[in-house]
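Here are some short exercises to work through with the model open beside you. Try each task before reading its solution.

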Amino acid sequence: MAGEQRFPKLILLCVSGLVAGIIVTFVLRAIFPEAEILYMAAGAAVTTAITVPPLISYFQKRM
């Protein structure tokens, strides 16, 4: 039961991580328009840093 109650919070956290990654990507793209890999890597890193730890925790508790 506790896993199902945490699921909406987990989805919200993953969506917020994705939005934060997109925002970082656009901000860095505006600042450094010639460095394509920089803003793509930074956006991916922010998204990963926000979404992966809660996902790991959620699935470890489910197992």
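**Exercise 1: overall form**

Task: compare the radius of gyration of the protein chain with that of a compact globule of 63 residues.

Solution. Step one: the protein chain has a radius of gyration of 15 Å, whereas a compact globule of 63 residues would have one near 11 Å. The radius is taken over C-alpha atoms, and the globule rule is 2.2 Å times the number of residues to the power 0.38. Step two: along the principal axes, the C-alpha atoms fill a box of roughly 50 × 15 × 10 Å.

Before going on, note that this is a predicted model, where local features need pLDDT of at least 70, side-chain atom pairs count only at pLDDT 80 or more, and totals for chains, interfaces and linings use all residues. Residues are numbered from 1 along each chain as its sequence is written, and side-chain values use heavy atoms, leaving out hydrogens and water.

**Exercise 2: two residues of one helix**

Task: decide whether L10 is buried or exposed, and find its contacts beyond four places in sequence.

Solution. Step one: L10 lies in helix α1; helices are DSSP runs of H or I with at least four residues, numbered from the N terminus. Step two: L10 has a relative accessible area of 7%, so it counts as buried (under 20%; exposed is over 50%, partly exposed in between; 1.4 Å probe, protein chains only). Step three: its contacts (heavy atoms within 4.5 Å) are P54, L55 and Y58. Step four: I11 also lies in helix α1, but I11 is partly exposed at 39%.

How values were computed. Helices (H or I, at least four residues) and strands (E, at least two) are DSSP runs, numbered from the N terminus.
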